[in-house]
Amino acid sequence: MRVIIVDDEIPALSELEYLLESYDDMEIAATFTNPKKALEYILLNQVDACFLDISMPEMDGFMLAEAIIKLRQPPLIVFATAYDEYAIQAFDINAVDYLLKPVAEDRLEKTITRLQKSMDERVTKTDALTSMLKKHHKENKAKRLPLWKNDRIHLINTRDIDYIETRDGQTMVVTLKDTFITTDPLNHYEEILGSEHFFRCHRSFIIQLDNITQVIPWFNNTYVVKVGSHQDQIPISRRNLKAFKELLNL
């Protein structure tokens with residue numbers, strides 16, 4: 001089984017690497033302190049399982065896991081955490097395991113057994129992980145998004161997003177300076193961004209409320225808006241008009 005370890009703390013990474021090396025059927029393909037580098041490696045190499053630290057700067061374990069499960073054949077994931085505040089029970093399922101730092105050898109042995117049994121059940125495991133991440137999103141709204149452009153991952157602050165549009169099967173995340181194209185539906189971004197600063201104004205648009213610069217009356221007593229410095233006029237659908245007017249006290 002080819003595995004990688006991702007942890008920004010070198011002592012913890014080295015300790016887990018040392019423990020895993022005692023398993024003859026376990027090949028440590030690579031170790032990373034940078035989650036972005038780890039994701040790029042997974043895209044180019046066969047990896048059966050990933051041991052991911054949860055609490056990492058820039059790109060945490062949840063964000064990295066969400067990017068991983070979008071792959072055609074995602075590796076299995078084991079979370080590692082030094083804090084029990086992450087509701088350990090939520091990870092203690094057959095599909096997704098956890099390790100509490102410092103890692104105990106007998107607990108790691110149970111994890112390895114689960115991984116070995118799970119190798120042929122990746123679809124089921126991915127579904128379970130997706131459900132867990134949805135629960136996490138409801139409780140912790142994203143502050144950054146990993147978005148691809150020109151074969152590189154860009155970590156975008158959500159406050160820098162002006163609007164998100166879906167068109168012709170593609171989704172465009174538009175910031176002040178750039179546009180990123182993804183295949184994730186608007187429902188995905190609506191869920192992870194929440195409703196405090198973002199509003200689903202139309203079936204094809206999500207807008208950043210704080211960045212609205214103009215509200216323009218339109219036909220049928222509705223509106224279009226301009227966001228940031230963009231000249232695009234974004235429609236407010238009649239279905240969402242009442243909620244929009246309440247949010248802006250119109």
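Select Leu43 first: in this predicted model its relative accessibility is 41%, and Leu43 therefore counts as partly exposed. The residue belongs to helix α2, which covers residues 35–44. Add Leu44 and Trp148 to the selection and show their surface, since these two form a nonpolar patch with Leu43, the three together having about 320 Å² of accessible area.

Zoom out next to take in the whole chain. The protein has seven helices and 15 strands, and 48% of its 250 residues count as buried. About 13900 Å² is exposed, with 46% of that area supplied by carbon and sulfur atoms. Among contacts with a separation of 6 or more, 54% are between residues 24 or more positions apart.

Now colour the strands from β8 to β12. Five strands make up an open sheet here, in the order β10-β9-β8-β12-β11, and the pairing is antiparallel. At the edges you will find β10 (179–182) and β11 (198–202), each of which pairs on one side only. From one strand to the next, the twist averages 20°. For a closer view of the pairing, select β9, residues 170–175, which is joined to β10 by four bridges in the antiparallel sense; Thr171 has Thr182 in β10 as its bridge partner.

Two helices can then be added to this view. Helix α6 (residues 186–193) lies across β8 (161–167), β9, β10, β11 and β12 (205–208), and runs at about 155° to β8. Helix α7, residues 238–248, also packs on the sheet, where it touches β11 and β12, and its direction makes about 145° with that of β11.

Stay on helix α7 and pick Leu247, which is found there. Its relative accessible area is 47%, so Leu247 is partly exposed. Apart from neighbours within four places in sequence, Leu247 is in contact with Phe199 and Leu209; a distance drawn between the C-alpha atoms of Leu247 and Leu209 reads 8.7 Å, although 38 residues separate the two along the chain. Moving on to the segment after α7, select Asn249, a residue that is not a glycine and yet has a positive phi of about 55°. Asn249 is exposed, at a relative accessible area of 69%.

The next stop is the loop between β5 (97–100) and α4 (105–118), where Pro102 is found. The peptide bond that joins Lys101 and Pro102 is cis, with omega at about -10°.

Keep Lys101 selected and display its side chain: which residues does Lys101 meet in the salt-bridge network? One partner is Asp7, at 2.5 Å from N to O; Asp7 lies in the loop between β1 and α1 (10–20), 94 residues apart from Lys101, and both Asp7 and Lys101 are buried. The other bridge described here runs to Asp53, with the closest N and O atoms 3.0 Å apart. Because Lys101 is in the loop between β5 and α4 while Asp53 is in strand β3 (residues 49–53), this pair ties together parts that are 48 residues apart in sequence. Asp53 is buried, as is Lys101. Salt bridges with shared partners thus join Asp7, Asp53 and Lys101 into one network.

The count for the protein comes to six salt bridges. For a last selection, take Arg2 and Glu27, whose side chains meet in a salt bridge of 3.0 Å, N to O. Arg2 is in strand β1 (residues 2–6) and Glu27 in strand β2 (residues 27–32), 25 residues apart. Glu27 is partly exposed, at 41% relative accessibility.

Definitions and conventions: Residues are numbered from 1 along each chain as its sequence is written. This is a predicted model: local features need pLDDT of at least 70, side-chain atom pairs count only at pLDDT 80 or more; totals for chains, interfaces and linings use all residues. Side-chain values use heavy atoms; hydrogens and water are left out. Two strands pair if DSSP finds at least two bridges between them. Axes are lines fitted to C-alpha atoms, for helices over the stretch in contact, and angles run from 0 to 180 degrees between N-to-C directions. Contact means heavy atoms within 4.5 Å. Patches are made of residues with over 30% relative accessible area and no salt bridge: like charges are joined within 9 Å, nonpolar side chains (Val, Leu, Ile, Met, Phe, Trp, Tyr) within 5 Å. Accessible areas come from the Shrake-Rupley method with a 1.4 Å probe; for residues, only the protein chains shown count as cover. A salt bridge is a side-chain nitrogen of Lys or Arg within 4 Å of a carboxyl oxygen of Asp or Glu. Buried means under 20% relative accessible area, exposed over 50%, partly exposed in between (1.4 Å probe, protein chains only).
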